[in-house]
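The following note is offered to a colleague who is meeting this structure for the first time. Please read the points below alongside the display.

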Amino acid sequence: VFAGSTDGSLYAFDAATLTFKWKHDTGGEIWASPAAWQDSVFVASFDRKLYSLNSQTGQPNWDAPFECDGPIIASPVVYEDMVIVASLDRHVYALDAATGELIWAFPAEDDGTQGPSRWLWATPVAGSGTLFVAGMDGLIYVLNPSNGQLEGTIDLEAPVASTPVIAGSRLVAVTDGGRVFSIDTASYQKIELRNLDAEVSAPLGADNGIVYIHSVKESMVYAVNGETGVLLWDAPIE
């Protein structure tokens with residue numbers, strides 16, 4: 001079990017006994033969940049770096065961590081043999097998972113004409129051979145995961161800090177004000193399912209077509225049908 005902490009360290013525990021195994025210190029707080037791949041675990045930090053560590057020993061795999069120009073809140077995502085991460089520097093990076101070498105960046109240039117205009121908080125989501133990146137500028141950027149080319153944008157008209165989820169053939173995303181959208185992963189057409197009128201920043205969860213939405217301010221969890229938008233239930237968090 002791997003857990004990042006705001007003390008700047010990634011901790012590893014035996015999954016059966018929860019016995020402490022090792023920790024690795026970074027130079028900043030860790031908000032992002034780590035991601036495992038083969039014998040590696042990837043963790044992003046507020047020190048603007050993405051680390052690759054040996055999952056058994058905690059020793060670095062790469063010659064040096066990958067460094068970008070802003071803190072990283074979004075969790076890294078493993079796609080095929082790449083690790084993909086979004087940063088508060090308004091870029092998405094794809095690295096060779098084995099070596100840490102940069103494969104592509106979106107946007108490729110810092111001209112501000114094609115890329116996000118605000119921070120990227122949400123974790124990128126891979127589905128149907130496509131990469132969806134939700135931004136605080138209200139847009140979901142649709143990228144080709146093999147080369148980082150922009151294939152389209154979906155305008156949700158409000159900031160998105162919450163990581164979307166794939167539910168069947170649909171991508172479900174929620175704005176920070178609680179508007180729930182269902183997006184066709186092939187045509188990128190959107191449908192607004194409902195408005196929860198709640199502040200949402202936590203990642204979404206999905207199981208058997210049901211999407212789970214956690215609002216911290218309202219201290220509620222909502223279960224929504226990902227196809228129809230019907231509210232199945234809500235429950236307070238004490």
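1. In this predicted model, V230 lies in the loop that connects β22 (220-225) with β23 (231-236). The relative accessible area of V230 is 43%; V230 is therefore classed as partly exposed, a term for values between the 20% limit for buried and the 50% limit for exposed residues.

2. V230 also belongs to a nonpolar patch on the surface, together with L232 and W233. The accessible area of these residues together is about 280 Å².

3. The strands on either side of that loop, β22 and β23, belong to an open sheet of 4 strands. The order in this sheet is β20-β21-β22-β23, and the pairing is antiparallel. The edges are occupied by β20 (205-207) and β23; each has a single partner strand, so one side of each lacks a neighbour in the sheet. From one strand to the next, the twist averages 20 degrees.

4. Within the sheet, β21 (residues 210-215) and β22 run antiparallel and are joined by 6 bridges. S215 has M220 in β22 as its bridge partner.

5. As regards the chain as a whole, the secondary structure amounts to 23 strands and 0 helices. The radius of gyration is 18 Å, close to the 18 Å given by the globule rule for 238 residues, so the chain is as compact as a globular protein of that length. The C-alpha trace spans about 45 × 45 × 25 Å along its principal axes. Of the 238 residues in the chain, 50% are buried.

How values were computed: Residues are numbered from 1 along each chain as its sequence is written. This is a predicted model: local features need pLDDT of at least 70, side-chain atom pairs count only at pLDDT 80 or more; totals for chains, interfaces and linings use all residues. Side-chain values use heavy atoms; hydrogens and water are left out. Patches are made of residues with over 30% relative accessible area and no salt bridge: like charges are joined within 9 Å, nonpolar side chains (Val, Leu, Ile, Met, Phe, Trp, Tyr) within 5 Å. Accessible areas come from the Shrake-Rupley method with a 1.4 Å probe; for residues, only the protein chains shown count as cover. A salt bridge is a side-chain nitrogen of Lys or Arg within 4 Å of a carboxyl oxygen of Asp or Glu. Helices (H or I, at least four residues) and strands (E, at least two) are DSSP runs, numbered from the N terminus. Buried means under 20% relative accessible area, exposed over 50%, partly exposed in between (1.4 Å probe, protein chains only). Two strands pair if DSSP finds at least two bridges between them. Axes are lines fitted to C-alpha atoms, for helices over the stretch in contact, and angles run from 0 to 180 degrees between N-to-C directions. The radius of gyration is taken over C-alpha atoms; the globule rule is 2.2 Å times the number of residues to the power 0.38.
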